[in-house]
Amino acid sequence: MTQTSTLLSVRDLSVHFRLRRGPKDSRNVRAVDGVTFEIAKGQTLGIAGESGSGKSTVARSLVQITRPTGGTIYLDGSDVTSLKGRRLKEFRRRMQMVFQDPYDSLDPRMSVRDAIGEALSVSGLPGPRHDETVEELLRRVNLPASLARRYPGQLSGGQRQRVSIARALAVNPKIIICDEAVAALDVSIRAQVLNLLKDIQHDTGVAYLFISHDLSTLRFMADQVAIMYVGRVVEYGTSDEVFSRPLHPYTKALIAAVPSVTTRGRTRLKLSGEPPDPGNPPSGCPFHPRCPEAVDQCRLTRPELGTTDEGQSVACHVVLSRHGRDATRQVSP
Amino acid sequence: MSLVEPMPETDAVVVVDSLSVTFPSDEGVAEVVRGVSFSVGKGQRIGLVGESGSGKSLTARAIMQLIPSPGSVSAGEIRIAGNSAALSTANAPQWRGTTVAMITQDPLSSLNPLVRIGVQITEMLRHHLNYTRTQARARAVELLSAVGIPNPPRTLRQFPSVLSGGMRQRVALAIAISCNPSLLIADEPTTALDVTIQAQVLDLLEEMSATHHSAVLLISHDLGVVANFCDEILVMYAGRIVESGPTDQLIEDPQHPYTTALLTSVPSMTEALPERLVSIAGSPPVGGVAVKGCAFAPRCALAQPRCFEDEPALRQLDVSARRVACHAAGNATWPSRFQGPS
């Protein structure tokens, strides 16, 4: 990827929380710990991981709902890590977010027209032109213009999610973060919304950061994929590489665990145990207690993300000693 | 097989016969489950697949006699081992939990949050099997270790809220199988779980149902989950079964356009991906709205004028064990594209 096409560049992003469970029990939770990735214009980066992996915290810290505690975020080459006031508002116009549950993210007392109109006011469009633009945006997300007068309670889940997408598009963002945006939808509706997101990307050149626990959705949507485990990226590469040639034992297990109609009846690689508590992760590689390939080194030192001979980035001692050429260097953007 | 020829009822654990469930609505009554019939044989694993509002969960709740008010079973019958009287609300404390047991999507809502896990397991054993306190406790420890709980004595003293979702589902499963039910209904048991935990829980469900000789009715929106677990699949749409058959046949050669669409709208993990997913236009009808003709016709790529007029009956296809409710299925002369109602 060339430097010129880079839209969003995230380096060493960290979000640490202080968690107090009692007067004497206070610990540091590294929800996101040294995450580095970039997204090119018009491309989609998928982030996958289980609950507690920090994937949603990455999203929330990018739009600064949660303030990052470390690292830098560059959008279009300028540092947007710690913006405030007017400049933060201006920045959020360039980076929009679509949440999992459109029941929560749309104000139940605002009509569709007002919900989208609010976003248009933010972008500086004069009031009289709102109706026409709302109609245009609804058309773009394949909803009838008559829906503008309805309230969220009168819409189906799929329609609500389309309204959320229309509202995100209203400010002409450069990038939209979709945090489990299709997870709550039925499969037949999910396919419609995924197609719609692809069409919008094709027409407007918007980039997506697509966060999902569902690997088959990511395989369809993403150009690049990052797999997260307990706050860190453990594997990073193009969608093709990660899905057809996964290297990290966790990625392998994650892919193998997807119940698919085409692979039914096959014996699958099984992962025992559960993801650890991010407030109290195991020593060394946080995956080692569940890892079928763990060696002594994994219990002692935490592997950094290194590049393999094939160009994929993996944080695993075993894989890097087998394929790697550069296990100590952080992957450079 | 069981779904075509009504099996001798002595072999069936549960027979659902022309079940309908209705709710009162603004327009009178809404029929949200319409004439559903199937049977579950001993040790069989049957999957019930459908989208939200298809009536799959209500079918399960009807078997448990747990239709939430103001809904009710308006027609049909559910027979357990040939005996319909055995399954009434009046004597539910006798059969619920022993003959038929159920686990739900989120055990946090089915487990009592204020009662220690130990009490919730042992009350089943003491009530149904007349175990003494000591016997019940010993059995509870056995059950918890069988479902892979790391430290059973400690877990017995804990409250549900301190356990992870996967662990809670293990506890719910331990309670459900504690009295060796002949049928275990699992309603979206893994939907709230991470994918690696989902695989563990499904394995456990398989193992437990095998050791306790329980048949399983697995309800899921995820055809992948069902195809990996079940011998037979029932596909529901708008309150009806629209297709059923042995898993391999149904997956490899779906006959109903809705089944086909369900299969193609999920991106594959292994095969080359299309630029666009095959999606079904529109959305499913809102539960219980009476539709003329086939409920799927407005979204169906194969629909003909006839489909908007008469509702196709669920019929047996050829000599196979398949049932399908579609005018086009098996009809070689059916036009391949919609011509518009003329």
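Two strands pair if DSSP finds at least two bridges between them. With that in hand, let's explore this predicted model through four exercises.

**Exercise 1. Find the bridge partner of B:Ala12 in β2(B), then place that strand in its sheet.**

Solution.
- Start with the residue itself: B:Ala12 is bridged to B:Gly41 of β2(B).
- Widen the view to the strands. β1 of chain B, residues 12–25, runs antiparallel to β2(B), and 10 bridges link the two.
- Now take in the sheet, which is open, has 3 strands and follows the order β2-β1-β4 in chain B, with antiparallel pairing.
- β2 (28–41) and β4 (72–80) of chain B are its edge strands, each pairing on one side only.
- On average, neighbouring strands in this sheet are turned by 10 degrees against each other, direction ignored.
- Finally, look for the helix on the sheet: α1 of chain B (residues 56–63) packs there and touches β1, β2 and β4 of chain B. The direction of this helix makes about 115 degrees with that of β1(B).

**Exercise 2. Decide whether A:Leu8 is buried or exposed, and trace what it touches.**

Solution.
- Locate the residue: A:Leu8 belongs to strand β1 of chain A, residues 6–20.
- Count around it. A:Leu8 is buried because 24 other C-beta atoms lie within 10 Å, and the cut-off for a buried residue is 20 or more.
- List its contacts, leaving out residues up to four places away in sequence: A:Glu38, A:Ile39, A:Leu75, A:Ile175 and A:Ala207.
- Pick one of them, A:Ala207. It is 199 residues from A:Leu8 in sequence, yet their C-alpha atoms are 9.1 Å apart.
- Follow another, A:Ile175. Together with A:Ile227, A:Ile175 touches the most other members of the largest nonpolar core, which has 199 residues.
- Beyond four places in sequence, the contacts of A:Ile175 include A:Leu7, A:Met95 and A:Tyr208.

**Exercise 3. Work out which elements of chain A meet chain B.**

Solution.
- Begin with the totals: chain A and chain B each bring 34 residues to the contact.
- On the chain A side, the elements giving two or more residues are α7 (187–204), α8 (215–221) and α10 (249–256).
- Of these, α7(A) supplies the largest share, 8 residues.
- Sort that side by class, and you get 14 nonpolar, 12 polar and 8 charged residues.

**Exercise 4. Find where chain A has pLDDT below 50.**

Solution.
- Check the whole chain: its mean pLDDT is 88, and 94% of residues reach 70 or more.
- Then turn to residues 327–333 of chain A, where pLDDT is below 50. This stretch has 18 contacts in the model beyond near neighbours in sequence.
- Where pLDDT is low, predicted coordinates should not be read in detail.

Notes. Residues are numbered from 1 along each chain as its sequence is written. Chains are lettered from A and ligands numbered from 1 in the order in which they are written. This is a predicted model: local features need pLDDT of at least 70, side-chain atom pairs count only at pLDDT 80 or more; totals for chains, interfaces and linings use all residues. Two residues are in contact if their C-beta atoms, placed from the backbone, lie within 7 Å. Helices (H or I, at least four residues) and strands (E, at least two) are DSSP runs, numbered from the N terminus. Ala, Val, Leu, Ile, Met, Phe, Trp, Tyr, Cys and Pro count as nonpolar, Asp, Glu, Lys and Arg as charged, and the others, Gly among them, as polar. Axes are lines fitted to C-alpha atoms, for helices over the stretch in contact, and angles run from 0 to 180 degrees between N-to-C directions. pLDDT is the predictor's confidence in each residue, from 0 to 100. A nonpolar core is a set of buried Ala, Val, Leu, Ile, Met, Phe, Trp, Tyr and Cys residues joined through C-beta atoms within 7 Å. A residue is buried if 20 or more other C-beta atoms lie within 10 Å of its own, exposed if 12 or fewer, and partly exposed in between; C-beta atoms are placed from the backbone.
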